[in-house]
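Walk through this model from its overall plan down to single residues. Keep the sequence and the coordinates side by side as you read.

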Amino acid sequence: MIDFVGKRYWFYLFSMLVVIPGTISLILPNGIREGIEFGSGTTFGFRFEQPVETEALRSALAELGHPDARIQRTRDGKFLVRTRVLEGGVTAPAIGPAPPSERENLESALEERFGTLVDSDGQPIHRFLEFSSVSASVSSDIVRNAALAVAFASLAILVYITLSFISVEQPVRFGVSAIVALLHDVLLVMGVASIFGRLFDFEIDTLFITAMLTIVGFSVHDSIVVFDRVRENARRAAAAGADVTLAETVNASLNQTLGRSLNTSITVVLTLIALILLGGETVRDFLIIMLIGLISGTYSSIFVASQLLVSWEEGDFAGLLPWRGGRTEEQPA
């Protein structure tokens, strides 16, 4: 039987080493790159008939009044650009033709510099393939709703797990441990997204929130599997009159559920890897975040959530609390 519980401090250390770099990246200025849904702006995609270097396009956009434009290039030569909010069209005046919009001016200027804008089949279309804008008021609503969704989900999970384990001692500890493991996964994924944003211009969007909520559900699901086995083993030990500590119960439960947890996760991991390799560009970032969150969720259910139950019972963290650090055996609890 593997002694997971006896090595819990190493698992805590490993979690800190993995989470801290991303946390530092999050704290630093421009910690995370917001997609258009979370920060107002315009995103447009286009393709030129002739190959164009990214740096040349960046210089051209800066000269056209968009020095802060974010440019991404896909494998098939398509460019995705984000700028401040651009005017996509103007209302026709009562008399005379409508003046060109900012979009039309930009399309014309880019064609003059780099050649014809074409569609996915290489046919001239003289315009952007896609164009969308989000105002500041809409983006603030999305940010607020996303934060509320995560907060509500965490609170509901805490209540649900506490009620589900009401038959065991200290049921709140099960709920809190699951939430801490969940926050571990969320923080890890957010940190990775921050680092990716600095290195690869990765931006969070609504798909990222979808991935985060999915990760939250998976993380808690895997923790509940282990907790449920802990509950069963505790009941059996109590019915048999055996003097078994929580640490022994948790360690036995982890060994019993390890195979199931790994088999389930590996199956999903293989599916996600296949989708990352063969799926489209538009969902690749979403799938990568899902993969990282899935691996983290599996790890945290075994090496964080369950270990926290033992540490709480053993009082491992009492010394970290200023009002508990000085307590001795002679002093009342």
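What follows moves from the fold to the strands, then to the cores, a pocket and a few chosen residues.

Start with the whole chain. The model is predicted. Its secondary structure comes to eight helices and five strands. Read from the N terminus, the order of elements is α-β-α-β-β-α-β-β-α-α-α-α-α. The strands are thus interleaved with helices early on, and the chain ends in a run of helices. Of the 333 residues, 41% count as buried. Contacts reach far along the sequence: among those between residues at least 6 apart, 71% join residues at least 24 apart.

Now take the strands. Strand E1 covers residues 41-48, and eight of its eight residues are buried. What covers its two faces can be read residue by residue. In a regular strand, side chains alternate between the two faces of the sheet. On one side of E1 sit Gly41, Thr43, Gly45 and Arg47. On the other sit Thr42, Phe44, Phe46 and Phe48. Both sets are buried, so both faces count as covered, with "buried" meaning under 20% relative accessible area.

Which strands pair with E1? Strand E5, residues 130-134, does so in the antiparallel sense over five bridges. Within that pairing, Gly41 has Val134 as its bridge partner. Strand E3, residues 79-83, is also antiparallel to E1, again over five bridges. Here Thr43 stands opposite Arg82, and Thr42 is partnered by Thr83. Strand E4, residues 117-118, is joined to E1 by two bridges and runs antiparallel to it. Arg47 is the residue of E1 that has Val118 in E4 as its bridge partner.

E3 has a further neighbour. Four bridges join it to strand E2, residues 70-73, and the two run antiparallel. Arg73 stands opposite Phe79 in this pair. The hairpin of E2 and E3 has five residues between the strands. Among the residues of this hairpin, Gly77 takes a positive phi near 85°. Is E3 enclosed or open? Four of its five residues are buried, so the strand is largely enclosed by the rest of the structure.

Next, the nonpolar interior. The largest nonpolar core holds 55 residues, and Phe174 and Phe208 have the most contacts inside it. Helices H1 (8-27), H4 (136-164), H5, H6, H7 and H8 each supply at least two of its residues. H8 gives the largest share, 15 residues. A second, separate core has 17 residues, including Phe48, Leu61, Ile71 and Phe114. Phe48 is also one of the buried residues of E1.

Return to Phe174 for detail. Leaving out residues up to four places away in sequence, Phe174 touches Ile161, Phe165, Val168, Glu169, Phe227, Val230 and Leu309. Two of these names, Val168 and Glu169, come up again at the pocket below.

Where is empty space left? Rolling a probe the size of a water molecule over the atoms shows it. The second largest pocket has about 450 Å³ of space. Its lining has 19 residues, with Val168, Glu169, Ala234, Leu246 and Glu313 nearest the centre. Helices H5 (171-200), H6 (206-240), H7 (246-278) and H8 (284-314) each supply at least two lining residues. H6 supplies the largest share, six residues. By class, the lining has ten nonpolar, four polar and five charged residues.

Three single residues round off the tour. Ser261 lies in helix H7. Is Ser261 buried or exposed? Ser261 is buried, because its relative accessible area is 0%, and the cut-off is under 20%. Not counting residues up to four places away in sequence, Ser261 touches Asp222, Thr298 and Ile302.

Thr245 sits in the loop between H6 and H7. At 37% relative accessibility, Thr245 counts as partly exposed. Its C-alpha atom is 8.9 Å from that of Ala234, eleven residues away along the chain. Ala234 is one of the residues nearest the centre of the second largest pocket.

Glu104 belongs to helix H3, residues 102-114. With a relative accessible area of 40%, Glu104 is partly exposed. Glu104 and His126 are 22 residues apart in sequence, and their C-alpha atoms are 9.6 Å apart in space.

Note on methods:
Residues are numbered from 1 along each chain as its sequence is written. This is a predicted model: local features need pLDDT of at least 70, side-chain atom pairs count only at pLDDT 80 or more; totals for chains, interfaces and linings use all residues. Side-chain values use heavy atoms; hydrogens and water are left out. On a 1 Å grid over the protein atoms alone, a cavity is a set of points where a 1.4 Å probe fits but cannot get out, and a pocket is an open set with protein on both sides within 12 Å along at least five of seven lines; lining residues have an atom within 4 Å of a point. Grid points are joined across faces, edges and corners, and a volume is the space filled by probe spheres set on the points. Ala, Val, Leu, Ile, Met, Phe, Trp, Tyr, Cys and Pro count as nonpolar, Asp, Glu, Lys and Arg as charged, and the others, Gly among them, as polar. Buried means under 20% relative accessible area, exposed over 50%, partly exposed in between (1.4 Å probe, protein chains only). Contact means heavy atoms within 4.5 Å. A nonpolar core is a set of buried Ala, Val, Leu, Ile, Met, Phe, Trp, Tyr and Cys residues joined through side-chain atoms within 4.5 Å. Two strands pair if DSSP finds at least two bridges between them.
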